[in-house]
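Open the structure in your viewer and keep the selection box handy. We will go from charged pairs to aromatic rings, then to a sheet and the cysteines.

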Amino acid sequence: MHKLYYQPEGVWVGDIMPYAEDGEFFVYHQRDTRDPVPFGQPFGWALAKTEDFVKYKDLGESLKRGSDTDPDQFIYAGSVFRSGGKFHAFYTGYNREFLKEGKTSQVLLHAVSEDGITWEKSKGILKLPPQEGYDRRNWRDPFVLWDENKGEYLLILGARKGEDKRKQTGRLVKFTSRDLEEWSFEGDFWAPGLYTMFEMPELFRIGEWWYLVYSEYSDKNKILYRMSRSLNGPWTAPKDDAFDGRAYYAGRTAFDGKRRVLFGWVPTKEGDNDKNSYLWGGTFVPHELYQREDGTLGAKPVDSLWNAFKEWENFSGFCVKTIDTKTEKIIIEDTGDLMAFETTIRFAEGTRAFSLKFYEDPESGTAYEYKFLIEENRVVFDKSPNYPWYQCFNIGLERPILLEAEKEYKIRLIVDDTISTLYINGTALNARFYDKPGTALGMTVTDGTFYCKDTKISKKVKKER
């Protein structure tokens, strides 16, 4: 059971539609009972509120789902914003029976609220059905913002051309409106020919840069982003265009005036087995995003979440040298099932690799491992030793990262039950695991010299839920 990351008991967290103001985050989200797996019982949007991402106030179902004969039998993703003193929700209604009846299964709907908790649905379906030539089964996840330059609202959503899901015709389409009631279809917003479908699109601005955030499931199954000086593009891909790896999906951000936080979920695996593939939905894990000097975005732990750890234990620094071997230094014998680990590392020129191992059985050496392959400029999550191959289904559990010799880098690792979250130099990588061979944590170096200092660990959180 998770002690830090958010997952209500008995359900799995799906797509999150965050809204924030005055230091408080409204975490609108889907709750799947997996009865059966997935999308078992129809759901609306549940709501939890938090200021620190440690304590949550659970308000239950907020935007309630419709009946089994309504277009919103399920309430899929959308977005929440304020306008005219009211909260507005634009969302996707889905009815799993409609396709059998020859009807469009996904439509865009609207609701308003005075307090962001209790909603009144608009009487009619928005006049935003799938347009001619677009797939009527894939028309979802609207996002709305106010375009100050044009004095109008812009709505984008995920769609695709045609009905062959194998073709890379996924695109974002756009509508515009002056009053949130009458909308004009403006065609494609971005159609790069890269994916079969877009999900959870979002637009926001920091300084001179606009950012387009989206999720896709036909290439790398990740949350990605693009950059532009203009809201209308063209959209440029940074060298590292993701925020995390395969085990982090469907993220949207919210800005409370000080922090821009990314809300994604870490999926579980079939049968709670390391070797199996992922299921839809899981556990909410936040990343705080920040802008680098070149305009690209980095990820770090939310400060309030990291600072909630207490009773830190400090460890002495050390240096490990090896010529043609892999050498390990065990730092702590028992990490428990909740911990935060921090250290500052440096390596000499010519060092081939180093790694962070946890839940290790010291006798066999079996552990989970974040391995930094220096010459390959990437970090990979895996199980070690990986025998008999494979011990962990880890496709997509890697990130590109450029680390330079003789420079210092701070590593932070959070482990909460079956989730590990790594942060280093603006790069994040989540993983889901179940085996837990042992309880030890250590660092290794392969073919080189490795320094470690300012090392500490905490196994307790203030005011646990």
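A salt bridge here is a side-chain nitrogen of Lys or Arg within 4 Å of a carboxyl oxygen of Asp or Glu. Please keep in mind as you click that this is a predicted model.

**Stop 1: charged pairs**

Select R260 and E202. They form a salt bridge, with the closest N and O atoms 3.9 Å apart. R260 belongs to strand β17 (residues 260-269) and E202 to strand β13 (residues 199-206), so this pair ties together parts that are 58 residues apart in sequence. If you switch on a surface, remember that R260 and E202 are both buried.

How many salt bridges does a search of the whole structure find? The search finds 36, and we will visit a few of them.

Next, select D135 and R160. This salt bridge has its closest N and O atoms 3.5 Å apart. The two residues come from distant parts of the chain: D135 sits in the loop between β8 (120-121) and β9 (140-147), while R160 is in strand β10 (residues 152-160), 25 residues away. Is D135 buried or exposed? D135 is buried, at a relative accessible area of 0%. R160 has 1% relative accessibility, so R160 counts as buried too. Now add R137 to the selection: D135, R137 and R160 are linked in a network of salt bridges.

For one further charged pair, go to K357 and E360. Their salt bridge has its closest N and O atoms 3.5 Å apart, and both residues are buried.

**Stop 2: aromatic rings**

Now colour Phe, Tyr and Trp. The structure holds 57 aromatic pairs. Start with Y6 and Y56, whose ring centres are 4.5 Å apart and whose planes meet at 35°, so the pair is described as tilted. Where do these two rings come from? Y6 is in the segment before β1 (12-21) and Y56 in the loop between β3 (45-50) and β4 (57-63), so the pair ties together parts that are 50 residues apart in sequence. Y6 is buried, with a relative accessible area of 5%. Y56, at 14% relative accessibility, also counts as buried.

Move on to F39 and Y76. This aromatic pair is tilted, at 6.1 Å centre to centre and with 40° between the planes. F39 lies in the loop between β2 (24-32) and β3, and Y76 in strand β5 (residues 74-83), so parts that are 37 residues apart in sequence are tied together. Check the accessibility of each partner: F39 counts as partly exposed at 28%, whereas Y76 counts as buried at 12%.

Keep F39 and Y76 selected and add F43, F74, Y94, Y249, W265 and W280. Together these eight names make up one aromatic cluster, which you can show as sticks.

**Stop 3: lysines over rings**

Select Y134 and K161. K161 lies over the face of Y134, at 5.0 Å from the ring centre. Then try W312 with K456: here K456 lies over the face of W312, at 4.6 Å from the ring centre.

**Stop 4: an open sheet**

Switch to a cartoon view and select β13, β14 and β15. They form an open sheet of three strands in the order β13-β14-β15, with antiparallel pairing. Which strands stand at the edges? β13 and β15 (222-228) do; each has a single partner strand, so one side of each is left without a neighbour in the sheet. From one strand to the next, the twist averages 20°. You have met β13 before, as the strand that holds E202.

Zoom in on strand β14 (residues 209-216) and β15, which pair in the antiparallel sense over seven bridges. To see the register, pick S215, which stands opposite I223 in β15.

**Stop 5: the cysteines**

Finally, show the cysteine sulfurs. How many disulfides are there? The count comes to zero. C452 is in no disulfide; the nearest cysteine sulfur, that of C319, is 10 Å away. C452 counts as buried, at 3% relative accessibility. Select C392 as your last residue: at 2% relative accessibility, C392 counts as buried.

Methods. Residues numbered from 1 in each chain as written. Predicted model: local features only at pLDDT ≥ 70, side-chain atom pairs only at ≥ 80, totals over all residues. Heavy atoms only, no water. Helix = DSSP H or I, 4+ residues; strand = E, 2+ residues; numbered from the N terminus. Buried < 20%, exposed > 50% of the residue type's maximum accessible area, 1.4 Å probe, protein only. Phe/Tyr/Trp six-rings, centres within 6.5 Å; stacked < 30°, edge-to-face > 60°. Lys NZ or Arg CZ within 6 Å of the ring centre and 35° of its normal. Pairing = 2+ DSSP bridges. Axes fitted to C-alpha atoms, helices over the stretch in contact; angles between N-to-C directions. Disulfide = S-S within 2.5 Å.
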